Amino acid sequence: MDCDALFTNVHLACMAGPDIVDGAIAVRAGRIAWLGPRAQAPAATVVHDGGGRWLTPGLIDCHTHIVYAGSRADEFEARLNGASYEDIARAGGGIMATVRATRSASAHELLRQSLPRVAALLAEGVTTLEIKSGYGLDLASEIKLLGAARRVGQLMPVEVVTTFLGAHALPPEFAGRADDYIDMLCRDMLPAVAQAGLADAVDAFCERIGFSAAQAERVFAAARALGLPVKLHAEQLSDQGGAALVARFKGLSADHLEHLGAAGIAAMAAAGTVAVLLPGAYYFLRDTQPPPVAALRQVGVPMALATDCNPGTSPLTSILLAMNMACTLWRLTPREALAGCTVHAARALGRHATTGSLEVGKRADFALWDIARPADLAYAMGLNPCRMVVNAGVPREPVVSLPDQY
């Protein structure tokens, strides 16, 4: 079997079976064609010597709001002076502050501000990135934001998955008329976004300062009618029954989950809905209610991890630090953290058939690490041991140059 490329003298953290020590992995046409012991490796046109390092699937950041304009460092300071996240939101800050900045920015300006954040993640072995909208909250601005997100995937070596989050917050022009806004979103915005092919999934923020479970259900029904899968910001600040709701719609994931209760856990387990844990927001907001990791583990709910990169509650552009936070704050094991950024993150995006683990037939996305064991990825804070990244079989340096033209 002749292959395009062979990566040899590596230890493989496959994430879909046992690790392979002193292994090799072969690529043909951008896919994994073979993997196994180095001594049994097939011939290849190009051979890369991994120097005895560890090779993992490319990391997946499955929950971000990374395309936005502006900064909310002032709110960070306000919280340290005693204001709560809900206080800031009700005073016109929070999500709406970013909405104002994003609405006024051009698509070019959105990319100019966002691409350095993306580049930071790519330097840490990220090969798939979810990007949500939700900072436009009117049709033109949401399409602009989703278009910029799609453009990220054209300009940078990363697979971008887009999510329409129009039900993120209530825009000022609909103040006091949340049901009217949801009506408009379902009637006008969602069909237009779907027709333009700009969204791979639909999300909502189900919370006291967001939208009710009944309103989120209307969004889900409209999304499913258009053939789009759903996911939900659920149980971050209170238990609104969001996890059970998204499970009822066979949703891809329920995200945050600090206040997730037994009913939601059972519903997610039955539906196969992934729990996406976001330690950056927990840390940044100085939360004290951890998600029920032990209960999720006990019933076998897959736990993904993500940065939740956003300007207000998790300005985090390090997937490795998110792994460390999940271990230190919530007692995930290092192997669980790595699974959370690979195989389970792929499932949270509905991409588990093509990425997230080292298996024959999957896309050849992986990262080479100068580490002694996979646990080292969740161990060190501020150290990036990534030495090479492979996107669909094409090797690159971890550090990515920003494009001259957007």
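At what angle do helix α3 (residues 95–104) and helix α5 (residues 139–155) pack? In this predicted model, the angle between helix α3 and helix α5 is about 80°, and their axes lie 10 Å apart. Since angles of 65 to 115 degrees count as roughly perpendicular, α3 and α5 are therefore described as roughly perpendicular to each other. On the α3 side, the residues that meet the partner helix are T102, R103 and S104. Their counterparts in α5 are S141, K144 and L145. Sorted by class, this contact of α3 with α5 has three polar and two charged residues, together with one nonpolar residue.

A second helix pair, α6 (residues 178–195) and α7 (residues 213–225), offers another arrangement to look at. Here the axes come within 10 Å and cross at roughly 10°. With angles under 35 degrees counted as roughly parallel, α6 and α7 are therefore roughly parallel to each other. Helix α6 makes the contact through A178, D179, I182, D183, L185, C186 and L190. Helix α7 brings Q215, R218, V219, A222 and A223 to it. The contact of α6 with α7 has eight nonpolar residues, alongside three charged and one polar.

Aromatic side chains come next. A search of the whole structure finds seven aromatic pairs. One pair joins F7 and F366: the ring centres are 5.2 Å apart and the planes stand at 80°, so the pair is edge-to-face. This pair links distant parts of the chain, with F7 in strand β1 (residues 3–12) and F366 in strand β13 (residues 366–369), 359 residues apart. Both partners are shielded from solvent by the criterion used here, as F7 is buried and so is F366. Elsewhere, ring pairs link F174, Y181 and F211 into a cluster. The ring of Y68 has a charged partner: the charged end of R117 sits over this ring, 3.6 Å from its centre.

Strand β1 also holds T8. With a relative accessibility of 11%, T8 falls under the 20% limit and so counts as buried. What surrounds T8, once its neighbours within four places in sequence are left aside? The residues in contact with T8 are G23, A24, R38, V47, H48, D49 and G50. A39 is found in the loop between β3 (31–37) and β4 (44–57). A39 is exposed, its relative accessible area being 80%. The C-alpha atom of A39 is 9.6 Å from that of N9, and the two residues are 30 apart in sequence.

Two residues that are not glycines have a backbone feature worth pointing out. M15 has a positive phi of about 65°, and R331 likewise has a positive phi of about 65°. Each sits in a loop: M15 between β1 and β2 (20–28), and R331 between α12 (319–330) and α13 (334–340). Are these residues buried or exposed? At 12% relative accessibility M15 counts as buried, whereas R331 is exposed, with a relative accessible area of 69%.

The segment after β15 (394–396) includes L402, and E397 is found in the segment after β15 too. L402 has a relative accessibility of 38% and so counts as partly exposed. Which residues does L402 contact, leaving aside its neighbours within four places in sequence? They are L115, P116, A119 and M156. For P116, the separation from L402 is 286 residues in sequence, yet the C-alpha atoms are 7.2 Å apart in space. E397, for its part, is exposed, with a relative accessible area of 59%. Its C-alpha atom is separated by 9.0 Å from that of C386, and E397 and C386 are eleven residues apart along the chain.

How values were computed
Residues numbered from 1 in each chain as written. Predicted model: local features only at pLDDT ≥ 70, side-chain atom pairs only at ≥ 80, totals over all residues. Heavy atoms only, no water. Axes fitted to C-alpha atoms, helices over the stretch in contact; angles between N-to-C directions. Helix = DSSP H or I, 4+ residues; strand = E, 2+ residues; numbered from the N terminus. Parallel < 35°, antiparallel > 145°, perpendicular 65-115°, else oblique. Contact = heavy atoms within 4.5 Å. Nonpolar A, V, L, I, M, F, W, Y, C, P; charged D, E, K, R; others polar. Phe/Tyr/Trp six-rings, centres within 6.5 Å; stacked < 30°, edge-to-face > 60°. Buried < 20%, exposed > 50% of the residue type's maximum accessible area, 1.4 Å probe, protein only. Lys NZ or Arg CZ within 6 Å of the ring centre and 35° of its normal.
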